[in-house]
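Morning, everyone. Let's take a look at this one together, starting with a pair of charges and then moving on to helices.

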Amino acid sequence: MKAPTKRRRAPPGPLDYTRRAWMRFVLLAVFVFLYAPLAALIAFSFNDSKRNIVWRGFTTKYYEKAAANEVLVEAFVNSLLIAFFTAAVATFLGAAAAWLLWRYRFPFKWVCEGAVALPIVIPEICMGVAMLVFFSRIGWPDDLPWPLNLSRIGIAHVSFAFPFVAVVVRARLASFNRELEEAARDLGAGPWTALRDTAIPHMRPGLVAGALLAFILSLDDFVITFFTSGPDTITFPVKVYSMVRFSVTPEVNAVSTVLVAVTAAATALAVGLRNRQFREGFL
Amino acid sequence: MDPDSSGLTAGAGTGRRPERQRGRRRAGLLPGFAALGSGLWFLLFFLAPLAFVWVFSFGRQEGLIDIELAWTLDNYLRALDPLYLDILLRSIWLAGLTAAVSLALGLPVAVGIAFAPARWKPLLLLLVVLPFLTNLLIRTYALIAVLRTKGYVNAVLGWAAEWLGLPFEPLPLLYNDAAVVIGLVYVHMPFMILPLYAALERMDRSLVEAALDLGASRARAFWTVVVPAALPGVFAGTILVFVPALGSYLTSDLLGGADSQMIANVIERQFKRANDWPFGAALSLLLIYAAFGTLALRPALARRWRGPR
């Protein structure tokens, strides 16, 4: 036994696969594979060299350069706006769908349950293509003023994000005691008041997690955005796509780092809230 | 129909009053509004777009923008053209290879996490999921910087060769099938690790101990107890990696060479440059059917393997 301090562990020796040297090596290798490219991307956004390969000292000039790039900033703001819109609408629709499917029995319910899962399993490219065809065939206006020119992307994002919200909220509803709602009704509350004071507070962690998930999904998406952005709408992924095709530059690294930071912040928020619920004894 | 009188479907075990005692109560307009909102959105902005694609897949492109609804199967038959069939089979091959590599790398990771001390597990799982939450384009871009001719891998190899005094030519790591598979594995790894982990978490640990007590070597206990217990996770993970990998667009577009295209790239071309929407629509539907077909395998596989080992 090499470990100097012997710690208590639930599974005894033979089951400690994690402590074998080869296992640790594989774990380490996979995590390096998963993280090294992103770490390099972030590190070289601070590198004082255009070549992106040799470390020449710390600088933030590429962030300043990116911040001065009006198109890039506009694209970034647009993407954040779409993500907030997606989070808001997808949470509402997803929660409504989850509540209906959990609470009521109606004809062809199994069809609805399957249908709600469709956007999760359909390949992204097919969904992107479908949205492209749909919006161009129904003549969705192309020349709307900002921010309405982002409506196609926002709508497409909501369509693929709200089933994920529904899954999260429904999982949360499974632990809801329906007698609470009935008790509220027995005490004279109307259907809306009963829902607001019993089911919705119980759903809240699911709603928050779902909203953050929708936000992250929207920020992460490239393919559907690519197919739904019009000729004049600039969004972050599409802008970066054109830059990436062209070359690898520290400026792209800087912008990517900012987006990674936003996603990481949203994730940290989600994890933090979940941990708090754990401590408070929910879930 | 009064929804309330029909009783609850889920949440069973919570409201256990007999059906007849539950008063008939008007549910108000609330469920109607909820159904109208989510249902209408789903119909309008999800099913309708898919229906457009479905209808177009039987159409015929006439001129630049007109599509005649010919109700023909020509577009589907065209997919059997050797040129496209080749790309179709290549996509299946690349996605299959991706699933295999993900499994080979993911199984040790899943075992490592499942048998790690309990307080490390959330952190390790988060570490698996975290890259997955980063924008796909950014992750692919990060890989370009690693793999390109002047990338980090070649730089490290170059320094090593210089140190050893060997001649060195940068390796062409980017723009080929290998780069596509690396990219796909990089992107889809969590889909493999998480189901494997879930399956291993459910495993009865005492079985391993029993095998060891009965004289099995550690390797044998691993192969006869741990691996079969992970099988449902293997099937789930393989399918969950295969399906999105089959339809991936960006990875093959940015990391692949001229001849490592996948179906999604062909679809994109039909809609953007080649401007043959009906053919693109037919290919999209074939891709959807392939995804559904693969997903449908899972319950069957799970049933088959649930029995005694």
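Start with one pair in chain A. A:Lys61 forms a salt bridge with A:Asp48, and their closest N and O atoms are 2.8 Å apart. A:Lys61 lies in helix α2 of chain A, residues 61-68, while A:Asp48 is in the loop between α1 (21-43) and α2, so this pair ties together parts that are 13 residues apart in sequence. A quick reminder on the chemistry: side chains of opposite charge can pair when their charged atoms come close. Keep in mind that this is a predicted model.

How many salt bridges are there over all chains? A search of the whole structure finds eleven. And what is the count between chain A and chain B? Zero salt bridges.

Now the contact between the two chains. Chain A puts in 96 residues, and chain B puts in 101 residues. The area buried between chain A and chain B is about 8800 Å². Carbon and sulfur atoms give 74% of that area.

Next, helices across the contact. Two packed helices are described by the angle between their axes and the distance between the axes. We have three pairs to go through.

Pair one. Take helix α3 of chain A, residues 70-103, and helix α1 of chain B, residues 30-56. They pack at an angle of about 120°, with their axes 9 Å apart. α3(A) and α1(B) are therefore oblique to each other. The crossing is left-handed. Who meets whom here? From α3(A) come A:Val89, A:Leu93, A:Ala96, A:Ala97, A:Trp99 and A:Leu100. On the α1(B) side, look for B:Leu30, B:Pro31, B:Ala34, B:Ala35, B:Gly37, B:Ser38 and B:Trp41. By class, this contact of α3(A) with α1(B) has eleven nonpolar residues, two polar and no charged.

Pair two uses α1(B) again. Its partner is helix α4 of chain A, residues 109-121. The angle is about 45°, and the axes are 11 Å apart. That makes α4(A) oblique to α1(B). Here too, α4(A) passes α1(B) in a left-handed crossing. The contact is made by A:Ala115, A:Val116, A:Leu118 and A:Pro119 of α4(A), with B:Phe42, B:Phe46 and B:Leu47 of α1(B). Sort the residues of α4(A) and α1(B) by class, and you get seven nonpolar, no polar and no charged.

Pair three. Helix α10 of chain A covers residues 236-246, and helix α5 of chain B covers residues 136-147. Their axes come within 10 Å and cross at roughly 15°. That makes α10(A) roughly parallel to α5(B). The crossing of α10(A) and α5(B) is left-handed. In α10(A), find A:Pro237, A:Val240, A:Tyr241 and A:Val244. They meet B:Leu137, B:Tyr141 and B:Ile144 in α5(B). The contact of α10(A) with α5(B) has seven nonpolar residues, no polar and no charged.

To close, go back to the two chains: zero salt bridges between chain A and chain B, and 74% of the buried area from carbon and sulfur atoms.

Definitions and conventions: Residues are numbered from 1 along each chain as its sequence is written. Chains are lettered from A and ligands numbered from 1 in the order in which they are written. This is a predicted model: local features need pLDDT of at least 70, side-chain atom pairs count only at pLDDT 80 or more; totals for chains, interfaces and linings use all residues. Side-chain values use heavy atoms; hydrogens and water are left out. Axes are lines fitted to C-alpha atoms, for helices over the stretch in contact, and angles run from 0 to 180 degrees between N-to-C directions. Helices (H or I, at least four residues) and strands (E, at least two) are DSSP runs, numbered from the N terminus. Angles under 35 degrees count as roughly parallel, over 145 as roughly antiparallel, 65 to 115 as roughly perpendicular and the rest as oblique. A crossing is left-handed if the near helix is turned anticlockwise from the far one by less than a right angle, and right-handed if clockwise. Contact means heavy atoms within 4.5 Å. Ala, Val, Leu, Ile, Met, Phe, Trp, Tyr, Cys and Pro count as nonpolar, Asp, Glu, Lys and Arg as charged, and the others, Gly among them, as polar. Buried area is the accessible area (1.4 Å probe) that two parts lose on being put together, summed over both. A salt bridge is a side-chain nitrogen of Lys or Arg within 4 Å of a carboxyl oxygen of Asp or Glu.
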